[in-house]
Amino acid sequence: MSLQRHTVVLLWRTLAIASLAVGVVGIVVPVLPTVPFILVAAWAAGHGWPQLERWLLAHPVYGPMTRRWRERRAIPRNAKWFATISMAVSGSAVALFAGPPLLRFGVPATMALVAAWMWTRPDE
């Protein structure tokens, strides 16, 4: 394997592990989402770590949702509601308590855009 190819594989693996680590932290930290990071981990693993990708796709909890996302870009309706409510609460807190105006208005606006996009995805 050439040095360039080795470096690219290493970068994909690093992204996969970092995303998986953040996703695992999200399991215990309520405001940190788990699913998007698991999806990124599976995507990155598909580019540089096929064994990890297979493991994620076969995982009893995260495998089915990862496969649904890949096949249909589907998000379960209950997950949409949970994410929307979580973003509304978090966005409101940021708007009320954050310092700089860019942060106070930018973060809730970004969350609103993400919620709007999310509701355009098909349900399971």
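This passage describes the salt bridges, a nonpolar surface patch and two further residues of a predicted model. Local features were considered at pLDDT of at least 70 and side-chain atom pairs only at pLDDT 80 or more, whereas totals for chains, interfaces and linings use all residues. Residues are numbered from 1 along each chain as its sequence is written, and side-chain values use heavy atoms, with hydrogens and water left out.

Three salt bridges were found in a search of the whole structure, a salt bridge being a side-chain nitrogen of Lys or Arg within 4 Å of a carboxyl oxygen of Asp or Glu. In one of them, arginine 70 pairs with glutamate 53, with 2.7 Å between the closest N and O atoms. Because arginine 70 belongs to helix H4 and glutamate 53 to helix H3, this pair ties together parts that are 17 residues apart in sequence. Helices are DSSP runs (H or I, at least four residues), numbered from the N terminus. Arginine 70 is partly exposed at 35% relative accessibility, while glutamate 53 is buried at 17%; buried denotes under 20% relative accessible area, exposed over 50%, and partly exposed the range in between (1.4 Å probe, protein chains only).

Aspartate 123 takes part in a salt bridge with arginine 77, the closest N and O atoms being 2.5 Å apart. Aspartate 123 lies in the segment after helix H6 (101–120) and arginine 77 in helix H5, so the pair ties together parts 46 residues apart in sequence. A salt bridge also joins the side chains of aspartate 123 and lysine 80 (2.6 Å, N to O). This contact links distant parts of the chain, as lysine 80 is in helix H5 and aspartate 123 in the segment after H6, 43 residues apart. Arg77, Lys80 and Asp123 are thus linked in a network of salt bridges. Within this network, lysine 80 is buried at 1% relative accessibility, whereas arginine 77 is partly exposed at 44% and aspartate 123 is partly exposed at 28%.

Val24, Val25, Ile27, Val28, Val29 and Val31 make a nonpolar surface patch of about 540 Å². Valine 31 is located in the loop between helix H1 (3–28) and helix H2 (35–48), and is exposed at 67% relative accessibility.

Arginine 73 occupies the loop between helix H4 (62–72) and helix H5 (77–97). Arginine 73 has a positive phi of about 55° although it is not a glycine. Tryptophan 55 lies in helix H3 (residues 50–58) and is partly exposed, at 47% relative accessible area.

Key. Patches are made of residues with over 30% relative accessible area and no salt bridge: like charges are joined within 9 Å, nonpolar side chains (Val, Leu, Ile, Met, Phe, Trp, Tyr) within 5 Å. Accessible areas come from the Shrake-Rupley method with a 1.4 Å probe; for residues, only the protein chains shown count as cover. Helices (H or I, at least four residues) and strands (E, at least two) are DSSP runs, numbered from the N terminus.
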